[in-house]
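Me: I should like to examine how the labels attached to this structure are justified. Please set each value against its cut-off before concluding.

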Amino acid sequence: MRKLFLLLLFISTFLAGFSQVAILYENCGFGGKAKVLGPGRYNLDQARFGANRLSSIRIPRGLKVILYDSPEPGQGNKTRFTSDISCLDNEWNDRAVSVVIESDNTGGNSGNGGYGNSGQQVYPSNGSGAQVIIFEDCGLAGASANLVPGRYDTRAMGLRNDVISSLRVPQGYSVTVYSEGGFKGESMTYYANVYCLDGRM
């Protein structure tokens with residue numbers, strides 16, 4: 001089976017005009033499993049993210065995210081955020097069980113279009129929460145990682161280096177892969193599922 005040597009992955013989407021969303025991540029540094037959630041009240045188990053797993057959050061300007069250590073949103077101990085959190089402190093890392101996401105009228109986030117200091121704009125998919133999935137093996141098989149729109153280096157993708165072999169690409173998305181770090185070298189853009197990446201890059 002052929003492996004494509006990848007250092008970085010860039011995902012972009014042509015979708016726009018949707019409501020703001022927060023993105024929850026299970027690892028610090030916006031890595032690992034991710035969940036896109038719009039304004040609302042969520043039990044993290046019922047939202048299919050998982051209780052006691054949250055470590056970082058992307059929060060656009062105009063939203064606030066309130067974490068609770070109770071399975072009922074709005075109850076128990078809480079903490080509130082209005083801007084990106086790259087790693088929750090020891091008190092709240094892997095502690096949140098439910099979350100409330102709502103509009104923030106306090107000014108909250110500062111700077112660059114709503115995602116902290118990253119400068120990375122993220123759009124939700126057609127309300128379905130669809131994500132690009134990268135796989136270690138051809139045929140959309142093997143170890144995998146789900147990725148929301150953004151820019152990812154090897155560590156952020158959650159897989160070992162040089163192992164990506166196939167891609168699941170939802171309608172309306174594109175995925176550009178690069179052969180070298182820093183988004184340099186040869187590149188190829190895909191607009192649909194790729195069942196076995198070509199190693200000629």
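Me: What makes the contact of arginine 53 with glutamate 26 a salt bridge?

Reply: In this predicted model, the closest N and O atoms of arginine 53 and glutamate 26 are 2.6 Å apart. The limit for a salt bridge is 4 Å between a side-chain nitrogen of Lys or Arg and a carboxyl oxygen of Asp or Glu. The pair therefore qualifies, as 2.6 Å is within 4 Å. Its partners come from distant parts of the chain, 27 residues apart: arginine 53 belongs to the loop between E4 and E5, and glutamate 26 to strand E2.

Me: Why are arginine 53 and glutamate 26 both called partly exposed?

Reply: The class in question runs between under 20% (buried) and over 50% (exposed) relative accessible area. Arginine 53 has 33% and is therefore partly exposed. Glutamate 26, at 22%, falls in that class as well.

Me: How do you know that arginine 58 and aspartate 84 form a salt bridge, and are these residues buried or exposed?

Reply: Their closest N and O atoms are 3.1 Å apart, which is within the 4 Å limit, so the term applies. Arginine 58 and aspartate 84 are both buried. They are 26 residues apart, with arginine 58 in strand E5 and aspartate 84 in the loop between strand E7 (78-81) and strand E8 (98-103).

Me: Why does lysine 64 count as buried, and what is the class of its salt-bridge partner, glutamate 102?

Reply: The relative accessible area of lysine 64 is 17%; buried means under 20%, so lysine 64 meets the criterion. Glutamate 102 has 31% and is therefore partly exposed. The closest N and O atoms of lysine 64 and glutamate 102 are 3.4 Å apart, again within 4 Å. Because lysine 64 lies in strand E6 (residues 63-68) and glutamate 102 in strand E8, the bridge ties together parts that are 38 residues apart in sequence.

Me: How many salt bridges does the rule give, and which residues are joined into one network?

Reply: The count is 5 salt bridges. Asp69, Glu91 and Arg95 make up one network, joined by salt bridges that share partners.

Me: Why is glycine 50 described as buried although it is found in a loop?

Reply: The label rests on accessible area: glycine 50 has 9%, and buried means under 20%, so the residue is buried. Its loop runs between strand E4 (40-43) and strand E5 (56-58). Beyond its neighbours within four places in sequence, glycine 50 is in contact with Leu44 and Asp45. Its C-alpha atom is separated by 7.6 Å from that of valine 97, 47 residues away along the chain.

Me: What makes phenylalanine 30 and leucine 140 noteworthy in their backbone angles?

Reply: Most residues other than glycine have a negative phi. Phenylalanine 30, however, has a positive phi near 60°, and leucine 140 a positive phi of about 55°. Phenylalanine 30 is located in the loop between E2 and E3, and leucine 140 in the loop between E9 and E10. At 13% relative accessibility, phenylalanine 30 is below the 20% cut-off and therefore buried. Leucine 140, with 24%, is not under that cut-off and so counts as partly exposed.

Me: How do you know that E9 and E10 are paired strands?

Reply: Pairing requires at least two bridges. E9 and E10 share 5 bridges in the antiparallel sense, so the requirement is met. One bridge joins aspartate 137 to alanine 141 in E10. The open sheet concerned has 3 strands in the order E10-E9-E12, with antiparallel pairing.

Me: Why are E10 and E12 called edge strands of that sheet?

Reply: E10 and strand E12 (166-168) each pair on one side only. On average, neighbouring strands of this sheet are turned by 25° against each other, direction ignored.

Me: Which residues touch the most other members of the largest nonpolar core, and which strand gives the most to this core?

Reply: Ile134, Val148 and Leu167 touch the most other members of this core, which has 21 residues. Strands supplying at least two residues each include E2 (22-27), E9 (132-137) and E13 (173-180). E13 gives the most, with 3 residues. Another core, of 20 residues, lies apart from it and includes Tyr42, Leu44, Leu63 and Leu88.

How values were computed: Residues numbered from 1 in each chain as written. Predicted model: local features only at pLDDT ≥ 70, side-chain atom pairs only at ≥ 80, totals over all residues. Heavy atoms only, no water. Core = buried A, V, L, I, M, F, W, Y, C linked by side-chain atoms within 4.5 Å. Buried < 20%, exposed > 50% of the residue type's maximum accessible area, 1.4 Å probe, protein only. Helix = DSSP H or I, 4+ residues; strand = E, 2+ residues; numbered from the N terminus. Contact = heavy atoms within 4.5 Å. Axes fitted to C-alpha atoms, helices over the stretch in contact; angles between N-to-C directions.
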